Amino acid sequence: MKRNDTNKKRVIVDFKKLNDEILSLLVEKFPDGYSDKDVIIFKNAKGEVVEAVEVQTESTIYLVKISKRLEVRMEEFEEDDDFDYENDGNIEEPENGLDED
């Protein structure tokens, strides 16, 4: 059965602006990370070459811009979603009290 994607809204989004829903879709679609065959390359309105991966909801097609931090963010999101049984669920805070990024 062929999906009718023509009525879907298309959105280009930077990984820095991803919400939990889109991150969850990315982790679900690419549990082991994305590969070159998953990457879509196109030129944006400014004529710049953009590399992205695609995920979809019922109403929207998201092209998520790729950067070096995207895969790290996906891994961090997936880890946050899992309960840390080895650590009894305790989360270690950075010693300086600041979030490390």
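Start your tour by selecting N19, which caps the N-terminal end of helix α1: one of its side-chain oxygens sits 3.1 Å from the backbone nitrogen of E21. That is a polar contact, meaning a pair of N or O atoms within 3.5 Å; within protein, one must be able to donate a hydrogen and the other to accept it, and residues adjacent in sequence count only if both atoms are side-chain atoms.

Before you go on, a word on what is on screen. This is a predicted model, in which local features need pLDDT of at least 70 and side-chain atom pairs count only at pLDDT 80 or more, while totals for chains, interfaces and linings use all residues. Residues are numbered from 1 along each chain as its sequence is written, and side-chain values use heavy atoms, with hydrogens and water left out.

**The whole chain**

Zoom out and colour by secondary structure. You should find two helices and four strands, running β-α-β-β-β-α from the N terminus on. Helices (H or I, at least four residues) and strands (E, at least two) are DSSP runs, numbered from the N terminus. Of the 101 residues, 25% count as buried; buried means under 20% relative accessible area, exposed over 50%, and partly exposed in between (1.4 Å probe, protein chains only). Among contacts between residues at least 6 apart in sequence, 59% join residues at least 24 apart, where contact means heavy atoms within 4.5 Å.

**Helix α1**

Now select residues 20-29, which make up α1, and show the side chains of I22, L23, L26 and V27: these are buried. Look down the helix axis and the buried residues fall within an arc of 135°, so they line one face of α1. The arc is that of the directions from the helix axis to the C-beta atoms. An α-helix has 3.6 residues a turn, so residues three or four places apart point the same way. Turn to the other side of α1 and you meet D20 and E28, both exposed.

**Across to helix α2**

Keep E28 on screen and add E78, which lies in helix α2. The C-alpha atoms of E78 and E28 are separated by 9.2 Å, although the two residues are 50 apart along the chain. E78 is partly exposed, at 30% relative accessibility. Leaving aside neighbours within four places in sequence, E78 is in contact with V27 and P31.

**The aromatic pair**

Next, select F30 and Y34. How many aromatic pairs does a search of the whole structure find? The search finds one. The ring centres of F30 and Y34 lie 6.3 Å apart and their planes meet at 80°, so the pair is edge-to-face. The rule takes rings of Phe, Tyr and Trp (its six-membered ring) with centres within 6.5 Å; planes under 30 degrees apart count as stacked, over 60 as edge-to-face and the rest as tilted. F30 is buried at 6% relative accessibility, and Y34 is buried at 17%.

**The salt bridge**

A little further along, pick K37 and D38. Their closest N and O atoms are 3.8 Å apart, forming a salt bridge, defined as a side-chain nitrogen of Lys or Arg within 4 Å of a carboxyl oxygen of Asp or Glu. By this rule the count comes to one. K37 is exposed at 73% relative accessibility, whereas D38 is partly exposed at 21%.

**K8 and T60**

Move to K8, in the segment before β1 (9-13). Is this lysine buried or exposed? K8 is buried, with a relative accessible area of 15%. Its side chain makes a polar contact of 2.7 Å with the side chain of Q56 and reaches the backbone oxygen of T57 at 3.0 Å. Beyond four places in sequence, the contacts of K8 include E58, S59, T60 and I61.

From there, step to T60 in strand β4 (residues 60-65). T60 is buried at 4% relative accessibility, and its side chain joins that of S59 in a polar contact of 3.3 Å. Not counting residues up to four places away, T60 touches K8, K9, V11 and V55.

**Last stop: confidence**

Finally, colour by pLDDT, the predictor's confidence in each residue, from 0 to 100. The chain averages 76, and 66% of the residues score at least 70. Confidence is highest in β4, at a mean of 92, and lowest in α2 (residues 68-81), at 68. Select residues 83-94: pLDDT stays under 50 here, and the model has seven contacts beyond four places in sequence for them. Over residues 96-101 pLDDT is also below 50, with three contacts beyond near neighbours in sequence. Where pLDDT is low, the predicted coordinates should not be read in detail.
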